[in-house]
Amino acid sequence: MPHKSLRTYLRARRREWGLSQDELAELVGTHGSVISDYEREIHLISIRMLIAAELIFGVTGTDLFPALYRDIQEEVCIAAGRLYARLEGRTDPHSIKKMRLISGIPGRIKPFDV
Amino acid sequence: MSAASRYKGLVLAAHPTSRGFGWVIFEGPLAPVDWGIAFAKRARNQRLFKRFERLLQRYEPAVLALEHFENRTGASHRLCRMMKHIAECRGMETQVFTRPAIQAVFGSVGAKTRYEIAEVIRTQIDAFSHRMPRKRTLIVNADPKQALFDAAALALTYFSVSRSS
């Protein structure tokens with residue numbers, strides 16, 4: 001993962017292509033003020049915005065919103081550790097299956113430098 | 001999360017115009033992340049100071065690049081001096097480049113005038129490709145968009161100089 005200086009690259013990508021907030025909002029199906037809120041991180045981006053932005057700019061969500069991905073990864077990792085600790089010691093098939101899923105999470109983490 | 005920890009290593013370059021200043025923020029030599037032209041007709045200094053401070057608050061850049069302004073006079077001199085002062089107060093690295101220093105960087109590709117340098121930047125940075133200013137002549141004033149490219153030239157000079165040193 002290359003070094004990232006910004007938490008969100010939505011504004012940078014939009015301006016790179018000369019789109020106004022209203023034009024991007026039209027493409028996404030929302031209002032210009034919502035785009036402004038996303039760019040200033042006043043609101044958490046919606047799934048619709050994420051999918052639409054990936055489609056419009058042809059880049060992945062991790063490239064557009066690196067800090068969001070990193071923050072969610074950290075939170076999920078911490079929660080996974082808590083759940084794993086609770087399951088540890090259990091020998092029933094359900095718990096073993098869950099522990100196998102959770103123990104694979106660290107290997108799926110993408111490194112971020114935001 | 002504090003603003004200071006949000007962004008790192010950004011370079012802000014600013015260039016004054018008759019009514020304001022053009023600015024560009026880069027995170028790498030060919031990677032601008034935001035840019036614009038600030039201008040004010042009334043309460044010029046006050047509004048431009050606020051605009052500049054908002055920029056610093058939003059991006060927390062690490063470096064401010066300016067063109068040598070000691071031989072400028074009036075409002076643009078005051079504006080550059082104020083920018084440098086605010087940046088230094090915030091602990092930013094400030095770099096002031098002379099025209100010959102900028103021309104030396106772009107001279108290798110045969111660009112010498114501001115317009116020629118803008119042409120080089122336009123071809124190098126896709127985000128600026130549709131913002132080319134009109135050429136200044138004896139009867140046509142400088143396009144405000146020229147300040148955007150002048151600021152970009154300062155940032156690229158900073159990257160070039162810091163890479164070579």
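A residue counts as exposed when its relative accessible area is over 50%, as buried when it is under 20%, and as partly exposed in between. Keep that handy for this tour of a predicted model.

**Stop 1: the cysteines**

Select Cys89(B). Its relative accessibility is 58%, so Cys89(B) counts as exposed. Is there a disulfide here, or none? Cys89(B) is in no disulfide. The nearest cysteine sulfur belongs to Cys80(B), and that one is 16 Å away. A disulfide here takes two cysteine sulfur atoms within 2.5 Å. By that rule, you'll find zero disulfides over all chains.

Now hop over to chain A and pick Cys77(A). With 27% relative accessibility, Cys77(A) is partly exposed.

**Stop 2: a helix in chain B**

Go back to chain B and select residues 99-107, which make up helix 4. Click on Arg99(B), which lies in this helix. Which residues does Arg99(B) touch once you skip its neighbours within four places in sequence? Light up Glu67(B), Lys112(B), Thr113(B), Arg114(B) and Ile117(B): Arg99(B) is in contact with each of them.

While you're there, draw a distance from the C-alpha of Arg99(B) to the C-alpha of Phe52(B). The two atoms are separated by 23 Å, and the residues sit 47 places apart along the chain.

**Stop 3: a greasy spot on chain A**

Last, select Leu27(A), Leu55(A) and Ile56(A) and switch on the surface. Together they form a nonpolar surface patch with about 310 Å² of accessible area. Zoom in on Leu27(A), which is part of helix 2 (residues 21-28) of chain A. Leu27(A) is exposed because its relative accessible area is 52%.

Technical notes: Residues numbered from 1 in each chain as written. Chains lettered and ligands numbered in written order. Predicted model: local features only at pLDDT ≥ 70, side-chain atom pairs only at ≥ 80, totals over all residues. Heavy atoms only, no water. Patch = residues over 30% accessible without salt bridge, like charges linked within 9 Å, V, L, I, M, F, W, Y side chains within 5 Å. Areas by Shrake-Rupley, 256 points an atom, 1.4 Å probe, with all protein chains shown as cover. Salt bridge = Lys/Arg side-chain N within 4 Å of Asp/Glu carboxyl O. Helix = DSSP H or I, 4+ residues; strand = E, 2+ residues; numbered from the N terminus. Buried < 20%, exposed > 50% of the residue type's maximum accessible area, 1.4 Å probe, protein only. Contact = heavy atoms within 4.5 Å.
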